[in-house]
Amino acid sequence: MYVAVKGGERAIEAAHEWLAEERRGHPAVPELSIAQIREQMSLAVNRVMAEGSLYDPDLAALAIKQARGDLIEAIFLIRAYRTTLPRFGASTPVDTGAMACDRRISATFKDLPGGQVLGPTFDYTHRLLDFRLAADGEAPAAPRREASPAPVPRVSEFLNREGLIEAAVPDDTAPPDLTREPLELPAARALRLQALARADEGFTLGLAYSTQRGYARNHAFVGELRIGTVPVEMEIPELGFAVEIGEITLTECETVNQFTGSKSEPPQFTRGYGLVFGQTERKAISMALVDRALRWEELGEDNVGAPAQDAEFVLYHADNIQATGFLEHIKLPHYVDFQSELELVRKLRRNVEASQQQEAAE
Amino acid sequence: MDATTLQGGFATPPVDAAHAFRAVMEAMARPGTIHPVSGAKPPAPLSVAAGVVLLTLCDAGMPVHLAGAMDCDAVRAWIAFHTGAPLTGPADCAFALGEWDALTPLDRFPVGTSEYPDRSATLIVERPSLEPVGVRLNGPGIRETAALSLPETRAFRKNAARFPLGLDFVFTCGDRLAALPRSTTVTEPEMT
Amino acid sequence: MTDRDYNFAYLDEQTKKMIRRAILKGLAIPGYQVPFASREMPMPYGWGTGGVQVSAAVLTPDDTLKVIDQGADDTTNAVSIRGFFERTAGVATTTHTKDATVIQTRHRIPEAALAEGQVLVYQVPIPEPLRFLEPRETETRKMHALEEYGLMHVKLYEDIARHGHIATAYAYPVKVEGRYVMDPSPIPKFDNPKLSDCPAIQLFGAGREQRIYALPPYTRVESLDFADHPFEASKADHPCGLCGATDSYLDEVITDDAGARMFVCSDTDHCEDRQPRGHRGKDAA
């Protein structure tokens, strides 16, 4: 006797309970607090905020805890939560020129006004496991210096003064928003930048790396990388002026790229741009390289068929929440489709066998 | 702001809008069928049904064109307060509202593009009467044939001939509505 | 009991308006894929987010909802989606096709004939029927605009040349009212004839791909074929082992290590409705 499979509901409940238990881990080990994750896993928190498109370190920390440290799962939790939030308005553009920088480096000038500020970077650490952290995570106090109050000038401005770099023309048109409008191609640069800002770090990194290895090479120098806080201001119609509603940490990268010039334009450098929530410099640099590669058409370059030049390919595949959902959906039952293929293959094989037998008989 | 401007919206928007949408969807899916709707109390000369359609479908991203007598302070203020929809000319509207004579000629409204035929206007036509008689309707959504008291046939035939481009219509009369998508072909009753 | 932390049917009213406008344009242009700004839902893309958004925009508190996956009400993802709407919309649910006013489905059309007043919502993974012939959206959109469907016919004919048959068993492309070629979602081609002239409204939602399309009731839907190779709706050539039905789509179930198998209705409601009425298959208890 055969009894059809039942009990999907019970199975789901049990799986959820088991999952919760696994998330907690061994009960003898103290539970992680949100504050611990926020403070001590801050780069994970930053990535979740950036790709989740929601600036809230506590919620990102909660998502990481709930997701057992699976960052794409945590990003997904944040995205789904973000959907339910009403939109009260848009801020005025943040002024990254006025950023209070924790880190600011330029690879194109040895020294420059505002200085090279290394900030809290892994760059020159030796990647040796620090076994002291296994015993005691307390850190010695870092030396302090008074911050200089003046805004740090942009490296690109120095080049701009001589006309050596393409002008970034101010544009007051409201940028499109792919979280509110369906993606449409060809996509303007503002939309591409939005997509890249929330794109998967690994995917963006891989594409950026491919441009360095010759798939639409664009000779990028890090003109400037800056990380720090900027105020966020919002225009209040009733007041008639903008008020500060908070402060966020951003990573901005401007690359200086080669351009050979054309008949109408003398040779000058071009720009790639990356801007990402939090301290996320690998992502910001990758974004700038991919941005630059996607600009081939407006800069009169050849399309060499490189993946990073293909806006449709990049934009349709950069979102890890879309990608992981579709990838993982093949775990869902497909036995109806499979059955129809099974029948078809059996039928085709019968036809082949029949014709072979007929040939043998003849 | 006038008190009537602030009133007349949905009392329970998620539920009222859900019922209203189902009526509009059934109307659009089954051309010629007439459906009662409720929940809006808009200022004159707007009908209840037209008010319901506006509350259900319009928001700040959807430009609305008001034609003829509909383009009055009371209606403008009510739409602005309850939907936030910007008012615009016929050429770039997503919705247009008016009586038939004020809406014609129809060639002023966007009919979509061959790649995006959905980028076309929906016209909300206020009617003095709305009955399942008169012009014959055929096409998707109609089992054999249907009938509806349309204001004319020529303009609708011309519209259907452009398929997949074209305009879509919602006819409103008091608290009832019907719809006519571009996919419906119309014929004079005596012609059949 | 609904979850009060969220709006009725989860989505905010502005999002529902946007989806509702897309549904209306979809109904007005049968078979045409309307772009819509799909939202991130609390279930993964590819797991029915398009169908869930369409259902959320269509449901009223008076509805009775049925959710099936592979024809069954008890498959895990169907259970999960049904639970989502019980929680966020507080709607009544059922497993009986005839009692449902809104049916969300993945990969099947119920066996029982649908009626006026019902809405069938399909979950669609890849809405573009031309996608596997041309990966670029910019190109496929032009092909639809120009009614350039030659490539599709070439592909189907190549199958015939190679295999003697069209080698598409599910997601078999259809033409709607002689105009748009449409992907019916990955239903087995056995279900294709039910798409045409259906009294219910059929809505298709593709969340990740941001497309909604529709078939109004009584719309002419033809499966693509050739005069010398007409379309054939096929299924396993067996009766159902439980209810004996000979006209329903069947799942093949492997019952022991030796590879013994039986065939049972994929539509569990259809099968369970028939058995108490005396229909018995050879494997029934």
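Which residue of chain A forms a salt bridge with C:Glu40? I shall come back to that point once the setting is clear. Please keep in mind throughout that we are looking at a predicted model.

Let me begin with chain C. This chain has seven helices and twelve strands. Its radius of gyration is 19 Å, close to the 19 Å that the globule rule gives for 285 residues, so chain C is as compact as a globular protein of that length. Along the principal axes, the C-alpha atoms of chain C fill a box of roughly 55 × 50 × 35 Å.

The domain assignment splits chain C into domain 1, residues 13-223, and domain 2, residues 235-285. Taken over C-alpha atoms, the centres of these two domains of chain C are 26 Å apart. Where they meet, 14 residues of domain 1 of chain C are in contact with nine residues of domain 2 of chain C. About 900 Å² is buried between the two, and 47% of that area lies on carbon and sulfur atoms. On the side of domain 1 of chain C, the residues that lose the most area to domain 2 are C:Arg108, C:Glu111 and C:Phe190, which together account for 48% of what that side buries. The rule finds zero salt bridges across this interface between the domains of chain C, but it does find eight residue pairs in polar contact there. The touching side of domain 1 of chain C consists of five nonpolar, five polar and four charged residues.

I now turn to the interface of chain C and chain A, and to the opening question. The contact involves 64 residues of chain C and 47 residues of chain A. Between the two chains about 4,700 Å² is buried, with carbon and sulfur atoms giving 57% of it. C:Glu40, C:Trp47 and C:Asp74 supply 13% of the area that chain C buries against chain A, more than any other three residues. Five salt bridges are found across this interface of chain C and chain A. In one of them, the partner of C:Glu40 is A:Arg198, with the closest N and O atoms 3.5 Å apart. C:Glu40 therefore satisfies the salt-bridge rule, whose limit is 4 Å. There are also 21 residue pairs in polar contact between chain C and chain A. Helix 3 (76-88), helix 4 (137-145), strand 11 (250-254) and strand 12 (261-265) of chain C each contribute at least two residues to the side that touches chain A. By class, that side of chain C has 31 nonpolar, 15 polar and 18 charged residues.

Finally, chain A itself. Chain A is divided into domain 1 (2-82), domain 2 (96-121 + 143-324) and domain 3 (334-361). The centres of domain 1 and domain 2 of chain A, over C-alpha atoms, are separated by 31 Å. These two domains of chain A bury about 1,400 Å² between them, 58% of it on carbon and sulfur atoms. In domain 1 of chain A, the greatest losses of area to domain 2 fall on A:Glu51, A:Tyr55 and A:Arg79, together 41% of what that side buries. A:Arg79 also forms a salt bridge with A:Asp319, the closest N and O atoms being 3.0 Å apart. Helix 3 (42-52) and helix 5 (71-83) of chain A each supply at least two residues of the side of domain 1 that touches domain 2. The largest share of that side, six residues, comes from helix 3 of chain A.

Key. Residues numbered from 1 in each chain as written. Chains lettered and ligands numbered in written order. Predicted model: local features only at pLDDT ≥ 70, side-chain atom pairs only at ≥ 80, totals over all residues. Heavy atoms only, no water. Domains from an automatic or database assignment. Contact = heavy atoms within 4.5 Å. Buried area = accessible area lost by both parts, 1.4 Å probe. Salt bridge = Lys/Arg side-chain N within 4 Å of Asp/Glu carboxyl O. Polar contact = N/O pair within 3.5 Å; in protein donor to acceptor, adjacent residues only side chain to side chain. Nonpolar A, V, L, I, M, F, W, Y, C, P; charged D, E, K, R; others polar. Helix = DSSP H or I, 4+ residues; strand = E, 2+ residues; numbered from the N terminus. Rg over C-alpha atoms; globule rule 2.2 N^0.38 Å.
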